[in-house]
Amino acid sequence: MTSLAKPVVLIAEELSPATVDALGPDFEIRHADGANRSELLAALPGVHAVLIRSATQMDPEAIAAGKDLKVIARAGVGLDNVDIKAATEAGVMVVNAPTSNVVSAAELAVGHLLSLARHIPRAHASLAAGEWKRTAFTGVELFDKTIGIIGLGRIGALVAERLSGFRANIIGFDPYVQPVRASQMGVTLTTLEDLVAQSDFITIHIPKTPETTGMIGVKELKSAKPSLRIVNASRGGIIDEDALYQALSENWIAGAGIDVFNSEPPTGSPLLDLPNIVVTPHLGASTEEAQEKAGISVAKSVKLALEGELVPDAVNVAGGIIDPSVRPGIPLMEKLGQIFVGLCQASISSITVEVRGDIVEHDVSALKLAALKGIFSRIVSEQVSYVNAPLLAEARGVNVSMATDPRSDEYRNVLTIKGVLGDGSSVSVSATLTGARQTEKLVEVNGYDIEVPLATHHIVMIYKDRPGIVAIYGKAFGDANINIAGMQIARETAGGQALSVLTVDSRVPDDLLAEVATKIEATTMAHIDIVEL
């Protein structure tokens, strides 16, 4: 590409006209049908950016075909059709529009609540079939009912704001939101168990993680009121679908509104045959306004990326003017943020990001953003980016600060996240990059010095040091066919508090972790904290 040539942007799906307007005159615009595989592959050579929605598959083959690609932009929230790993390896930035659908998603959830309360879909179908059965569709009011909101992120907060007009009693469950912030939303915080037991309506707005998958199952649905109506317009799988079918078919609860499923489309799902469920085909972002916002958002990101600027909504690299010596710390800091959240046993009051070593000669502010991105990606349902992560912290009343120090005694550079929690306890984690390969290592947890290469699955245990503890958890994990790939133990003094960090090859079920904790507590006569990261 010569200095006079315009960067080439390929629009591979139908987007809002405002998308092209937002790009402006400084780009050569091309069009192709991204759903047509051969047409897409033929169009990608010579293209610097491609704008897509959900029908275009940007897999390794497509990314390899676009040898000049700098950025893949998804005009929407989901990224299931983009191979982020392959894009990152090819040096291609991936961006999306994480906040484009928040209003639309909140309004859809409220729509489901009203549809369930007043039997609107079934009443419409009955009347359209020539029937007049008014008494068959007697509903209930939202006024003076208890409505539970699971997840008080941006979408959950918007739902609370909209429901306030119904003069309902709004309660919420979100372990990462401060009570003061919840009160400002008009929401009373409670436990998940109490929320399920008290609510007449529940609406879910949390991310799907190993911890939240199946969060609402048989136990929860059996403890609910028979009058409960539950809505999930967040992520499929948070409600156990088999348990939901049983609850609806056996009248444990009154109804459900579902926009998202474990498998989409939910072909053959028995839920679709039930009379007391309202289903929609994943319509959370399907409004004209959301689509226009998404197009404009990714167009702006493409402009920033091709101009070499910091791209706030990049999901794999921060991009732009960040010094090359700082860049490797960005993905490490994101991972460190996720580890930090895994260790938090209460809501977060404050976060301090510390950077020590010669790296502080450069602008390291992106590392604070990366830490917040990693932290809130485990907490909220919406896509987290470098631009909205600080806003998410502010919305939850979390104070965030950053400190730098050119001195680092043991390692060339050390990245640390410290936090004070709502119960007064504190959490700290530190990591570094070592060697020519820049190996990512966890080097400190809650004041204990360790050196553990980062992997997908870690277990952190804090307990009173006694002989035989390793044998207890070693046998328990071995019996469960869970391989321990690495282990490091640190302790204050002989017989004092000890910390074990295990690297395991697969996720350890929660019930097994609880069983191991019980066995160690019986041995040490002291409380043990076990966290899988």
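A crossing of two helices is right-handed if the near helix is turned clockwise from the far one by less than a right angle, and left-handed if it is turned anticlockwise. That term is needed at the first stop. The model on screen is predicted.

**Stop 1: helices α13 and α14**

Select residues 329-343, which form helix α13, and then residues 365-377, which form helix α14. The crossing of these two helices, α13 and α14, is right-handed. Their axes lie 7 Å apart, and the packing angle is about 40°. This angle makes α13 oblique to α14, because oblique covers the angles that are neither roughly parallel (under 35 degrees), nor roughly perpendicular (65 to 115), nor roughly antiparallel (over 145).

Now show the side chains where the helices meet. On the α13 side, pick out Gly 329, Ile 330, Met 333, Glu 334, Gly 337, Gln 338, Phe 340 and Val 341. On the α14 side, the residues are Ala 366, Leu 367, Ala 370, Ala 371, Lys 373, Gly 374, Ile 375 and Ser 377. Coloured by type, the residues of this contact between α13 and α14 divide into 9 nonpolar, 5 polar and 2 charged.

**Stop 2: the nonpolar cores**

Stay in this region and select Met 333, Phe 340, Ile 348, Leu 367, Ile 375, Phe 376 and Ile 417. These residues have the most contacts inside the largest nonpolar core, which has 49 residues. Which helix gives the largest share of this core? It is α13, with 8 residues.

In soluble globular proteins, nonpolar side chains tend to be buried together.

Next, centre the view on Phe 376. With neighbours within four places in sequence left aside, Phe 376 is in contact with Val 384, Ala 389, Leu 392, Ala 393 and Arg 396. Another core, of 29 residues, lies apart from the one just visited. To find this other core, select Ile 238, Ala 243, Phe 261 and Leu 271, which are among its residues.

**Stop 3: a cis peptide bond**

Move to the loop between β11 (255-258) and β12 (277-279), where Pro 265 is placed. The peptide bond that joins Glu 264 to Pro 265 is cis, with omega at about 0°.

**Stop 4: two residues with positive phi**

Go on to the loop between β12 and α12 (288-306), and select His 282 there. His 282 is not a glycine, yet its phi is positive, about 55°. Is His 282 buried, exposed or partly exposed? Its relative accessible area is 40%, so His 282 is partly exposed.

For the second case, select Asn 481, in the loop between α16 (469-479) and β20 (484-491). Asn 481 has a positive phi of about 60° and is likewise not a glycine. Its relative accessibility is 70%, so Asn 481 counts as exposed.

**Stop 5: Asp 200**

Select Asp 200, in the loop between α9 (192-198) and β9 (201-204). Asp 200 is buried, because its relative accessible area of 11% is under the 20% limit. What does Asp 200 touch beyond residues up to four places away in sequence? Show Lys 145, Thr 146, Lys 225, Ser 227, Leu 228 and Arg 229.

**Stop 6: helices α5 and α7**

Select residues 102-118 for helix α5 and residues 154-163 for helix α7. The axes of α5 and α7 come within 9 Å and cross at roughly 50°, and α5 and α7 are therefore oblique to each other. Their crossing is right-handed.

From α5, show Val 102, Val 103, Ala 105, Ala 106, Glu 107, Ala 109, Val 110 and Leu 113. From α7, show Ile 155, Leu 158, Val 159, Arg 162 and Leu 163. The residues of this contact between α5 and α7 divide into 11 nonpolar, no polar and 2 charged.

Keep Leu 158 of helix α7 selected. At 17% relative accessibility, Leu 158 counts as buried. Neighbours within four places in sequence aside, Leu 158 is in contact with Val 102, Val 103 and Ala 106. Draw a distance from the C-alpha atom of Leu 158 to that of Met 185: the separation is 9.0 Å, and the two residues are 27 apart along the chain.

**Stop 7: Val 302**

End at Val 302, in helix α12. Val 302 is buried, with a relative accessible area of 0%. Leaving out neighbours within four places in sequence, the contacts of Val 302 are Val 9, Leu 23, Ala 49, Leu 51, Val 71 and Ala 73. A last distance runs from Val 302 to Pro 179, 123 residues apart along the chain, with 39 Å between their C-alpha atoms.

Definitions and conventions: Residues are numbered from 1 along each chain as its sequence is written. This is a predicted model: local features need pLDDT of at least 70, side-chain atom pairs count only at pLDDT 80 or more; totals for chains, interfaces and linings use all residues. Side-chain values use heavy atoms; hydrogens and water are left out. A nonpolar core is a set of buried Ala, Val, Leu, Ile, Met, Phe, Trp, Tyr and Cys residues joined through side-chain atoms within 4.5 Å. Buried means under 20% relative accessible area, exposed over 50%, partly exposed in between (1.4 Å probe, protein chains only). Helices (H or I, at least four residues) and strands (E, at least two) are DSSP runs, numbered from the N terminus. Contact means heavy atoms within 4.5 Å. Axes are lines fitted to C-alpha atoms, for helices over the stretch in contact, and angles run from 0 to 180 degrees between N-to-C directions. Ala, Val, Leu, Ile, Met, Phe, Trp, Tyr, Cys and Pro count as nonpolar, Asp, Glu, Lys and Arg as charged, and the others, Gly among them, as polar.
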